[in-house]
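Work through the exercises below with the model open. Try each task before reading its solution.

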Amino acid sequence: MVDAVKVNGGGVFIRNGREVVKETAGLSKEEAKKGTIAYGILEKHNSAPDMANLKVKFDCITSHDITYVGIIQTARASGLEKFPIPYVLTNCHNSLCAVGGTINEDDHVFGLSAAKKYGGIYVPPHQAVIHQYAREMLAGCGKMILGSDSHTRYGALGTMAMGEGGGELVKQLLEQTYDIAYPEVVAIYLDGEPAFGVGPQDVALALIGNLFKDGTVKNKVMEFIGPGVAKLSADFRIGIDVMTTETTCLSSIWETDESIREFYEIHGREAEYKELKPAETAYYDELVTVDLSAIKPMIAMPFHPSNTYTIEEVNANLSDVLAEAEKRAKVSFGDKVDFDLHGKIVDGKLLVDQGIIAGCAGGGFENLCAAADILKGADIGSNAFTMSVYPASMPIYAELVKNGAMSSFIEAGVVVKTCFCGPCFGAGDTPSNNALSIRHSTRNFPNREGSKVQQGQISSVALMDARSIAATAANKGILTPATDMDVEIGKYKYFFDKGIYDKRVYDSKGEAKADEKLILGPNIKDWPEMVALTDNLLLKVVSEIHDPVTTTDELIPSGETSSYRSNPLGLAEFTLSRKDPDYVGRAKEVRSYEEAREDGVSALEKMIEASAEVQAAVKTVSGKFGEIKWENTGIGSTIFAVKPGDGSAREQAASCQKVLGGWANIANEYATKRYRSNLINWGMLPFVIKKGDLPFKNLDYIFIPEIKKAVEEKAEEIKAYAVKDSSIEEFTLTLGSLTDDERKIILAGCLINYNKVRNCR
């Protein structure tokens with residue numbers, strides 16, 4: 001296939017969003033950078049005196065039911081009295097209330113009581129997935145939205161949106177700011193028009209496959225411009241946009257036009273539309289060109305959205321592609337499971353076991369209409385292959401009933417389910433052992449489909465577009481691109497019924513009811529007390545991960561564990577359980593020493609005397625630095641990972657380590673800004689060490705003298721010492737760029753402590 005996505009390799013000036021130019025009438029790069037759409041929106045929301053280091057205030061914030069309890073509990077502990085901006089609490093993750101007894105529904109009851117008490121908006125379970133509700137009811141051209149879900153992306157609707165950990169939302173609730181250096185902006189220049197059977201997931205996977213590995217857009221803004229934009233419907237653009245998260249970009253924004261005006265008109269919010277386009281001359285830090293007409297149906301094989309091929313390539317080189325996926329499994333799982341995809345080859349073709357179209361990426365109106373048309377008059381058969389679809393909102397569901405798409409699905413043998421994100425994070429439609437599922441959803445990380453390697457289970461997901469999933473289903477599970485189907489895909493008018501929400505959604509209209517009682521189920525717990533950073537640290541390495549990338553799913557598993565996210569200590573028991581089952585026990589053992597230290601030095605000294613291992617480490621450190629003063633030397637754990645934090649925004653990937661006694665992470669780099677921010681907001685040091693041989697290994701100790709001073713004085717390099725075999729080896733760590741407030745949060749021990757100090761002034 002012709003390479004449809006090309007990276008320029010440097011910055012460019014673009015005139016009127018269409019023409020790359022060299023002559024700029026004397027306009028400098030710095031001046032021309034102000035011509036991007038992104039600059040204008042960020043400038044409007046920036047409260048800092050300049051644009052170099054932004055202090056952003058968002059128009060509204062959103063959370064779902066595996067994040068909002070922890071966020072509100074954190075904000076309560078920090079003095080929250082009222083939501084100062086619109087805060088939407090959706091319930092689309094912990095919707096299966098059989099999981100964990102009453103605890104999922106207890107969280108929903110808490111959410112409704114919080115919306116009443118603090119003045120929020122509460123969307124009940126099964127009404128809408130978080131991002132579809134935001135598109136339908138919150139987005140607006142030129143607005144900014146912050147969400148506690150990594151796929152918070154509404155750029156196609158002219159809204160700059162970002163997904164972050166809960167700590168960043170807490171800051172907005174406390175009328176603080178989102179602090180970040182001004183990001184680079186990358187032009188995603190679309191040209192051409194998609195072929196029949198090519199959908200938004202195909203374009204998205206082509207982008208991810210080309211941009212993720214080299215970090216082309218990491219922590220940058222993707223700005224979609226070019227003549228190809230006008231060739232795409234609003235739904236098509238939304239389907240591409242939501243997947244930009246998988247490139248590791250910071251945010252996205254698109255030029256807007258009549259199609260977006262019509263979207264707002266359909267949803268009864270035409271006043272939210274305005275035309276957005278670059279200035280006459282705009283400078284972009286990078287240019288990525290996309291020939292939409294050259295894109296073919298794509299597939300991302302296990303175990304990452306960037307592991308992309310055309311379906312045509314897979315079918316032509318089946319054994320080689322499957323062998324590569326099996327090799328990836330070996331890297332992630334070792335010999336824990338026997339992962340076999342070659343057994344899926346039947347008569348030279350790939351026979352998959354399951355098809356799913358769901359959530360914020362797949363469950364849109366046009367996707368489901370197209371899939372229904374492809375399946376019209378066909379059937380999925382009575383063998384092992386199964387298929388389910390999940391409309392993204394009840395208004396979409398209702399319209400699919402009215403236009404006949406639901407009948408096409410049901411008559412073909414497809415199961416239609418409610419608005420639920422479960423298939424995206426391993427809490428719904430978990431396949432059988434060693435099954436392969438094709439999904440129009442967001443991710444295909446290891447275990448993301450719900451299998452449990454620690455129990456000898458393994459299944460896997462390949463990402464595809466709804467159209468090719470329907471084509472595969474029509475062929476009884478034989479992998480088939482939609483471009484091979486001789487069918488007609490219609491264009492359907494969407495009619496949005498806001499009355500569906502009016503009847504069920506609680507909207508406080510911003511009115512807080514201070515006397516309203518928060519309803520806390522037995523699983524909902526407060527955060528444990530956390531101490532401030534000590535002068536020195538003695539850390540034990542309790543997990544060492546050398547995978548090229550470590551996802552947040554591996555740091556804290558998704559699926560049914562999500563039910564425990566309103567219980568900090570309960571959830572922490574699952575930390576790294578699928579990656580390193582020994583982690584929790586090791587971390588808790590180290591934590592017991594810190595707990596003794598906080599109770600009193602004499603209690604700690606008795607514990608040290610009883611442990612030959614700790615005694616030896618202390619003796620080695622004392623030999624170089626003199627006797628350790630435990631009053632100002634904290635004891636904790638740390639993990640090493642090459643590149644941790646890809647994927648979900650879930651702050652629990654950091655907070656679970658913290659409540660187990662973690663003081664730091666050590667990494668060669670962090671996969672995303674949001675994971676690094678989560679570490680900081682929980683008072684953990686985001687150390688970076690240069691690639692190469694590590695001076696320590698798992699279960700070694702590390703002594704870091706004067707770490708508090710180093711943070712306070714903004715030291716560029718931090719001297720640390722690996723303690724092993726009665727020897728001590730010096731090495732260097734760095735902390736990267738930290739704002740003054742981030743330093744204060746780390747020094748205080750966590751964001752909660754930082755705000756308590758502020759409130760006491």
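**Exercise 1. The largest pocket**

How many residues of the lining of the largest pocket are nonpolar, how many polar and how many charged?

Solution. Keep in mind that this is a predicted model.
- Step 1. Take the volume: the largest pocket holds about 920 Å³.
- Step 2. Find the middle. The pocket has 32 lining residues, and those closest to its centre are Ser-233, Phe-236, Glu-366, Gly-490 and Lys-491.
- Step 3. Sort the lining by class. It splits into 16 nonpolar, 7 polar and 9 charged residues.
- Step 4. Trace the lining to its helices. Helix 5 (130–137), helix 8, helix 9 (258–266) and helix 13 each give at least two residues.

**Exercise 2. The second largest pocket**

Determine which element gives the largest share of the lining of the second largest pocket.

Solution.
- Step 1. Start with the space: about 650 Å³ lies in this pocket.
- Step 2. List the contributors. Strand 4 (53–56), strand 10 (178–181), helix 25 (673–681) and helix 27 (740–748) give two or more residues to the lining.
- Step 3. Pick the main one. Helix 25 supplies the largest share, with 4 residues.
- Step 4. Locate the centre. Of the 26 lining residues, Ile-180, Ala-181, Arg-676, Ser-737 and Glu-742 lie nearest to it.
- Step 5. Sort by class. The lining has 10 nonpolar, 7 polar and 9 charged residues.

**Exercise 3. Helix 17**

Decide how many residues of helix 17 (residues 466–474) are buried, and find what they pack against.

Solution.
- Step 1. Apply the cut-off: a residue is buried when its relative accessible area is under 20%.
- Step 2. Count. In helix 17, 9 of 9 residues are buried. Among them are Arg-467, Ser-468, Ile-469 and Thr-472.
- Step 3. Find the helical partners. The buried residues pack against helix 7 (200–211), helix 10 (311–316) and helix 13 (365–375).
- Step 4. Add the strands. Strand 20 (354–357), strand 21 (386–389) and strand 23 (436–440) are also packed against.
- Step 5. Check the end. Just after helix 17, Lys-476 has a positive phi of about 60 degrees.

**Exercise 4. Backbone outliers in loops**

For Thr-248 and Leu-576, give phi and state whether each residue is buried or exposed.

Solution.
- Step 1. Place Thr-248. It sits in the loop between helix 8 (234–241) and strand 13 (251–254).
- Step 2. Read its angle. Phi of Thr-248 is near 75 degrees, a positive value in a residue other than glycine.
- Step 3. Judge its exposure. Thr-248 has a relative accessible area of 5%, so it is buried.
- Step 4. Repeat for Leu-576, in the loop between helix 20 (568–572) and helix 21 (583–599). Its phi is near 55 degrees, also positive.
- Step 5. Leu-576 has a relative accessible area of 0%, so it is buried.

Where is the cis peptide bond that involves Phe-303?

Solution. The bond joins Pro-302 and Phe-303, with omega about 15 degrees. Phe-303 belongs to the loop between strand 16 (298–300) and strand 17 (308–310).

**Exercise 5. Asp-257**

Identify the side chain that makes a polar contact with the side chain of Asp-257.

Solution.
- Step 1. Asp-257 is placed in the loop between strand 13 and helix 9.
- Step 2. Leave aside neighbours within four places in sequence. Asp-257 then contacts Val-229, Ala-230, Arg-237 and Tyr-273.
- Step 3. The polar partner is Arg-237, at 2.9 Å between the side chains.

Methods: Residues numbered from 1 in each chain as written. Predicted model: local features only at pLDDT ≥ 70, side-chain atom pairs only at ≥ 80, totals over all residues. Heavy atoms only, no water. Buried < 20%, exposed > 50% of the residue type's maximum accessible area, 1.4 Å probe, protein only. Contact = heavy atoms within 4.5 Å. 1 Å grid on protein atoms, 1.4 Å probe; cavity = no way out; pocket = protein on both sides within 12 Å on 5 of 7 lines; lining within 4 Å. Points joined across faces, edges and corners; volume = space filled by probe spheres on them. Nonpolar A, V, L, I, M, F, W, Y, C, P; charged D, E, K, R; others polar. Polar contact = N/O pair within 3.5 Å; in protein donor to acceptor, adjacent residues only side chain to side chain.
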